[in-house]
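Work through the exercises below with the model open. Each one gives a task and then a solution in steps.

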Amino acid sequence: AEVGSLAKLPGRQAKLEGGTPSETDLGNLEKVIEAAGADGELQRLRTDFLNATLRDDIVRLNSQFNLRLLELLGFDYVFDGEAHRTEMYEHVLRSVEGMKRLGRQVSFVNVEGFPNTFIPYMRGGKLSIKDDLYVGEARTVKEAARAPVKFPITGAYTLGTWSDLGALPQEHMIGGLPKSTALRRAVEDLVLEFADKVVNPSLNGIAETGVARIQIDEPSASVFEGQEELFYEATRRSMEGVSGAELGMHMCFSKDYSTIAGGG
């Protein structure tokens with residue numbers, strides 16, 4: 001068994017905003033500990049979490065609590081449930097040079113009825129990783145874990161298809177392509193640029209930390225029909241040269257994966 005995402009600890013947001021966890025938050029924390037067998041270390045981490053005042057300490061203790069919980073439950077691979085992250089898209093994009101944050105939100109509902117909201121970014125220039133995107137987080141999680149670590153990252157196809165193309169379509173239209181073809185080429189360019197310049201170096205860096213598995217999350221992989229070959233190529237480029245860790249993929253937002261599973 002393994003887990004990628006977990007809800008943030010009850011009371012975390014209140015603490016990060018300088019407030020106090022509610023009685024409901026405290027009760028929910030206690031229920032988690034009781035369900036895990038009233039483990040003494042979880043109780044200590046809960047107490048330290050509630051006493052913490054600095055953001056880094058609150059996040060670190062949330063991370064350690066989640067790791068211990070999954071270890072106590074006997075999971076084969078553990079992760080801290082993205083305790084260090086805000087969410088799976090903007091967390092990445094704010095660390096990518098060449099992407100500009102837009103002043104609007106995008107909302108959608110997945111196939112299971114859960115709402116999702118994020119702020120999209122627009123391509124404004126050549127992409128590169130401008131600071132530590134995943135490697136420091138991977139080292140921190142691995143050092144705190146006692147079981148093998150599975151480390152998830154967001155894939156190139158999702159990052160590219162969730163982002164604004166910027167001037168890429170116009171550049172292709174200036175070259176003489178019709179609008180529909182220019183848009184398709186622009187999507188391909190951006191997805192593959194994310195694969196080459198963001199995801200591949202991230203995978204190589206994470207693998208060097210010694211985590212057991214790396215999971216590429218691609219919620220958009222089965223959403224857009226006719227782009228299967230682009231998805232396969234982005235995946236190949238993302239994984240190129242990566243060694244030392246088992247690589248896997250997680251896909252969601254669909255109940256029919258036959259078009260993806262049948263090729264590549």
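**Exercise 1: a helix pair**

Task: find the angle and axis distance at which helix α2 packs on helix α3, and state who makes the contact.

Solution. Helix α2 (residues 23-35) packs against helix α3 (residues 40-51) at an angle of about 160 degrees, and their axes are 10 Å apart. Angles over 145 degrees count as roughly antiparallel, so α2 is roughly antiparallel to α3. The contact (heavy atoms within 4.5 Å) involves L26, L29, E30 and I33 of α2, together with L42, Q43, R46, F49 and L50 of α3. By class, it has six nonpolar, one polar and two charged residues. Axes are lines fitted to C-alpha atoms, for helices over the stretch in contact, with angles from 0 to 180 degrees between N-to-C directions. Helices are DSSP runs (H or I, at least four residues) numbered from the N terminus.

The model is predicted: local features need pLDDT of at least 70 and side-chain atom pairs pLDDT 80 or more, while totals for chains, interfaces and linings use all residues. Residues are numbered from 1 along each chain as its sequence is written, and side-chain values use heavy atoms, leaving out hydrogens and water.

**Exercise 2: the next pair**

Task: determine how the axes of α3 and α4 cross.

Solution. The two axes come within 9 Å and cross at roughly 165 degrees. That makes α3 roughly antiparallel to α4. On the α3 side, the contact is made by E41, L42, L45, R46, D48 and F49. The α4 side gives I58, L61, N62, Q64, F65, R68, L69 and L72. These residues divide into eight nonpolar, two polar and four charged.

**Exercise 3: parallel or antiparallel?**

Task: classify the pair α9 and α10.

Solution. The axes of helix α9 (residues 179-207) and helix α10 (residues 228-239) come within 7 Å and cross at roughly 25 degrees. Angles under 35 degrees count as roughly parallel; α9 and α10 are therefore roughly parallel to each other. Their contact includes V187, V191 and L192 of α9 and L230, E233 and A234 of α10. By class, the contact has nine nonpolar, two polar and four charged residues.

**Exercise 4: a pocket**

Task: describe the second largest pocket by volume and lining.

Solution. The second largest pocket holds about 290 Å³ of space. Of its 13 lining residues, H84, H91, D132, L133 and E137 are the closest to its centre. Helix α4 gives the largest share of the lining, four residues. The lining as a whole has two nonpolar, five polar and six charged residues.

Terms used:
Helix = DSSP H or I, 4+ residues; strand = E, 2+ residues; numbered from the N terminus. Parallel < 35°, antiparallel > 145°, perpendicular 65-115°, else oblique. Nonpolar A, V, L, I, M, F, W, Y, C, P; charged D, E, K, R; others polar. 1 Å grid on protein atoms, 1.4 Å probe; cavity = no way out; pocket = protein on both sides within 12 Å on 5 of 7 lines; lining within 4 Å. Points joined across faces, edges and corners; volume = space filled by probe spheres on them.
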